[in-house]
Amino acid sequence: MRLTPDAKGVFPIAPTPFHPDGRIDEASVDRMTDFYGEIGATGLTVLGIMGEAPKLDGAEAVAVASRVIRRTRLPVVIGVSAPGFAAMGSLTRAVMDAGAAAVMIAPPPSLRTDDQIVGYYAQAAEVIGPDVPFVIQDYPLTLSVVMTPDVIRRIVTDNPNCVMLKHEDWPGLEKISTLRAFQRDGSLRPISILCGNGGLFLDFECERGADGANTGYAFPEMLVDVVRLSAAGERERAHDVFDAHLPLLRYEQQPGLGLAVRKYVMMRRGILASDAQRKPGAGLSATAKAEVDFLLERLGRHDPRARV
């Protein structure tokens, strides 16, 4: 099942479950994968930035990706970003052989000019091969690489196997509008746009023309509902669902702490056995956990699914 430019819905960014001693928690990987299928996700992304991919060695990365692919019928996108093309190429071959739907490629922070960015993706596309669909990860807040709409259009035009943009710019609503305008005037072929940033702007991103979400959140059911309601034209209901989760969503977006919050809530929900991150990683203090518990209690009054 290969990813295509008409992909829509929600592709949650899956965290990598660990035992407290740092070993991969395979039982939690299975439980988490099943959970995403049960809530209506349309795909999954594994080994993204919030999946702690740099903390895995090559064999572990292939093992986690393959386990998720075997466990689900959903299309699975695998993050293959790496400092060098040799590692990217070998991981891509392994996960595509295992049945991955596509790979996601983030630009290295060293890129500065438009031509450097476009040239990098041309080389990456050559390394992974023309038959492998790929996703552009546009995340300047973390990666420090700024991709203008024109640069994205050049990458998509130059590489037929580019099928999706993971849009994670901030502010980025105008970028979505500009890219969709390119499509309307015929200067950009159709491409799927799924959005990140923890879903913080998903309510309006959908209205601007995004096809859905490619991000993590401790309650991805909310992301599914917002995308579904927005597509159905039920604007008020979509915003009502979104607004109920906004305090917890905001708390989870704290730089350097967001993954700890997400894993803690997923542990509270019984999806993960532990909220452990592989070192180096920051955990939550007792005070922070109490604050999250407070937010969960308040959220549960508005959304029964959030009662944990």
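## A tour from the α3–α4 crossing outwards

Start with helices α3 and α4: α3 passes α4 in a right-handed crossing. Keep in mind as you click around that this is a predicted model.

To find the pair, select residues 85–98 for α3; the axes of the two helices come within 9 Å and cross at roughly 45 degrees. That angle makes α3 oblique to α4. Now show side chains where they touch. On the α3 side, pick Phe85, Met88, Gly89 and Thr92; on the α4 side, pick Tyr120, Gln123, Ala124, Val127 and Ile128.

Next, stay with α4 and widen the view to the nonpolar core. Which residues have the most contacts inside the largest one? Select Ile78, Ile105, Phe134 and Ile136, and you have them, in a core of 61 residues. Helix α4, residues 114–128, gives this core its largest share, seven residues. As background, nonpolar side chains in soluble globular proteins tend to be buried together.

Zoom in on Ile105 and look at what surrounds it. Leaving aside neighbours within four places in sequence, Ile105 is in contact with Tyr120, Tyr121, Ala124 and Ile128, among others. Some of those names should ring a bell: Tyr120, Ala124 and Ile128 are also on the α4 side of the helix contact. Add Val80, Ser81 and Met88 to the selection, then Phe134, Val135, Ile136 and Gln137, and the contact list of Ile105 is complete. Met88 is another one you've met, on the α3 side of the crossing.

Apart from that core lies another, with 29 residues. To land in it, select Cys206, Val227, Leu248 and Leu257, which are among its members.

While you're on Cys206, check the cysteines. How many disulfides does a search of the whole structure find? Zero. A disulfide is a covalent bond between the sulfur atoms of two cysteines, and here a pair would have to be within 2.5 Å to count. The closest cysteine sulfur to that of Cys206 is in Cys195, 7.1 Å away, which is too far for a bond. Cys206 counts as buried, at 13% relative accessibility. Now jump to Cys162. Its sulfur also has Cys195 as the closest cysteine sulfur, but at 15 Å, again too far for a bond. Is Cys162 buried or exposed? Buried, with 0% relative accessibility.

Last stop: Ala63, in helix α2, residues 58–71. Ala63 counts as partly exposed, because its relative accessibility is 43%. Draw a line from its C-alpha to that of Ala14: the two are 15 Å apart in space and 49 residues apart in sequence.

Technical notes. Residues are numbered from 1 along each chain as its sequence is written. This is a predicted model: local features need pLDDT of at least 70, side-chain atom pairs count only at pLDDT 80 or more; totals for chains, interfaces and linings use all residues. Side-chain values use heavy atoms; hydrogens and water are left out. Buried means under 20% relative accessible area, exposed over 50%, partly exposed in between (1.4 Å probe, protein chains only). A nonpolar core is a set of buried Ala, Val, Leu, Ile, Met, Phe, Trp, Tyr and Cys residues joined through side-chain atoms within 4.5 Å. Helices (H or I, at least four residues) and strands (E, at least two) are DSSP runs, numbered from the N terminus. Contact means heavy atoms within 4.5 Å. Axes are lines fitted to C-alpha atoms, for helices over the stretch in contact, and angles run from 0 to 180 degrees between N-to-C directions. Angles under 35 degrees count as roughly parallel, over 145 as roughly antiparallel, 65 to 115 as roughly perpendicular and the rest as oblique. A crossing is left-handed if the near helix is turned anticlockwise from the far one by less than a right angle, and right-handed if clockwise.
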